[in-house]
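Please take a moment to look over the sequence and the structure shown below, and keep both at hand while you read. The paragraphs that follow lead from one part of the fold to the next.

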Amino acid sequence: MQIPDPAVLAARTCASALPAIAVHQVSQLFGASRVLNHVNLQVPKGTIVALLGPSGCGKSTLLKLLAGLLHPSSGEIHFGETRVAAGSFSLPPEKRSLGMAFQDYALWPHMSVYQNVAFPLQMRGICGHIQREKVMATLERVGLADFAVRRPAELSGGQQQRVALARAIVAEPQILLFDEPLSNLDRDLRESLCDEMAALLRQLGTTAVYVTHDPHEAQTMAHCIARMEQGRIARIDQIEPSRVAPFVV
């Protein structure tokens, strides 16, 4: 499939031939069911891509493959120069330099907001005053600096999702992955938080893949939308014409 504006695409490819994410001929089978069917996708560095489609189209499965939570039945996945999945090899999630946020927030109820956000830093051996500076700066960024000592049960749904977002970005990962993170919120809160997240992701400039079934959410959040149908990427719509879209090869 050819992406719109091939001249710009060619210029970008020459300037930076190595995409942040490269998915090549990836298929995923669960028993006799083929959930993904020879998916190909290349995502330029700093691009936010929304995977949009109905339930069962394969978008969450593709995200889990990127995260290392599943191993592809066939095909390869690369993050920049690093091969993260191919054949029998699969790099563990903790070695992929990822930040992830999910629809159920996945916060530890026995930990404070500060402890939840600090966890990725602890896993990387970052502690002491450096850890505190990073955690508090990130909480300030998502508007929760005054909530650091609270437990998740003391927060609203929107505040819990902000904690999950802070935890995803605090360690400055190369790639961010989101699996319908706003779907449990009411419509008004979902729309306002979507605007906030979109602005924050553009400030960060991090490559991100965002799964959703909501077209409005996809258009607000992403530079480009990859529309999935029956385990394939059917087409890619470019939301910001000045950017080069991901492309299917």
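A good place to begin is the pairing of strands E1 and E4, which are joined in the antiparallel sense over five bridges, and within this pairing Ser27 stands opposite Ser74 of E4. As you follow these details, bear in mind that the model is a predicted one. The two strands belong to an open sheet of five strands, whose order is E2-E1-E4-E5-E6 and whose pairing is antiparallel. At the edges of this sheet stand E6 and strand E2, which covers residues 33-43, and because each has a single partner strand, one side of each is left without a neighbour in the sheet.

From E4 the same sheet can be followed onward through two hairpins. Strand E4, residues 74-79, and strand E5, residues 82-86, run antiparallel and are joined by four bridges, with Ala85 of E5 serving as the bridge partner of Ile77. Two residues lie between the strands in this hairpin, where Gly80 takes a positive phi near 60°. E5 in turn is joined by two bridges to strand E6, residues 89-90, again in an antiparallel arrangement, and here the bridge partner of Ala85 is Ser90 in E6. Ala85 can therefore be traced in two directions, since Ile77 is its bridge partner on the E4 side and Ser90 is its bridge partner in E6, where a bridge is the unit by which strand pairing is counted. The hairpin of E5 and E6 also has two residues between its strands, and in it Gly87 takes a positive phi near 60°.

Glycine is not the end of the story about phi. Most residues other than glycine have a negative phi. Which residue in strand E1, residues 21-30, deserves a look for this reason? Gln25 is found in that strand, and its phi is near 55°, a positive value in a residue other than glycine. With a relative accessible area of 32%, Gln25 is partly exposed. A second case is Gln230, whose phi is near 50° and so is likewise positive in a residue other than glycine. Gln230 is found in the loop between strand E10, residues 224-229, and strand E11, residues 232-238, and at 76% relative accessibility it counts as exposed.

Returning to the five-stranded sheet, we find that helix H2 lies across E1, E2 and E4, running at about 115° to E1. Is this helix enclosed or open to the outside? Seven of the nine residues of H2, residues 59-67, are buried, so the helix is largely enclosed by the rest of the structure. The buried residues are Lys59, Thr61, Leu62, Leu63, Leu65, Leu66 and Ala67. Just after H2, Gly68 takes a positive phi of about 85°.

The other sheet to consider is open too, and its six strands follow the order E7-E8-E9-E3-E10-E11 with mixed pairing. Its edge strands are E7, residues 98-102, and E11, each of which pairs on one side only, and the twist averages 20° from one strand to the next. Within this sheet, strand E3, residues 48-52, runs parallel to strand E9, residues 207-212, and five bridges join them, with Leu52 standing opposite Thr212 in E9. Helix H5 lies across E7 and strand E8, residues 175-179, and runs at about 165° to E7.

The last part of the tour concerns helices that meet each other. Two packed helices are described by the angle between their axes and the distance between the axes. The axes of helix H3, residues 113-123, and H4 come within 10 Å and cross at roughly 125°, which makes H3 oblique to H4. The crossing is right-handed. Among the residues that make the contact are Val113, Tyr114 and Val117 of H3, together with Val135, Met136 and Leu139 of H4. Taken as a whole, the residues of this contact divide into eight nonpolar, two polar and two charged.

Val113 also leads to Leu155, which has its place in the loop between helix H4, residues 128-141, and helix H5, residues 157-169. Leu155 and Val113 are 42 residues apart in sequence, and their C-alpha atoms are 9.4 Å apart in space. Leaving aside residues up to four places away in sequence, Leu155 touches Val113, Phe147, Arg150, Gln160 and Val163. With a relative accessible area of 8%, Leu155 is buried.

Technical notes
Residues are numbered from 1 along each chain as its sequence is written. This is a predicted model: local features need pLDDT of at least 70, side-chain atom pairs count only at pLDDT 80 or more; totals for chains, interfaces and linings use all residues. Side-chain values use heavy atoms; hydrogens and water are left out. Buried means under 20% relative accessible area, exposed over 50%, partly exposed in between (1.4 Å probe, protein chains only). Contact means heavy atoms within 4.5 Å. Axes are lines fitted to C-alpha atoms, for helices over the stretch in contact, and angles run from 0 to 180 degrees between N-to-C directions. Angles under 35 degrees count as roughly parallel, over 145 as roughly antiparallel, 65 to 115 as roughly perpendicular and the rest as oblique. A crossing is left-handed if the near helix is turned anticlockwise from the far one by less than a right angle, and right-handed if clockwise. Ala, Val, Leu, Ile, Met, Phe, Trp, Tyr, Cys and Pro count as nonpolar, Asp, Glu, Lys and Arg as charged, and the others, Gly among them, as polar.
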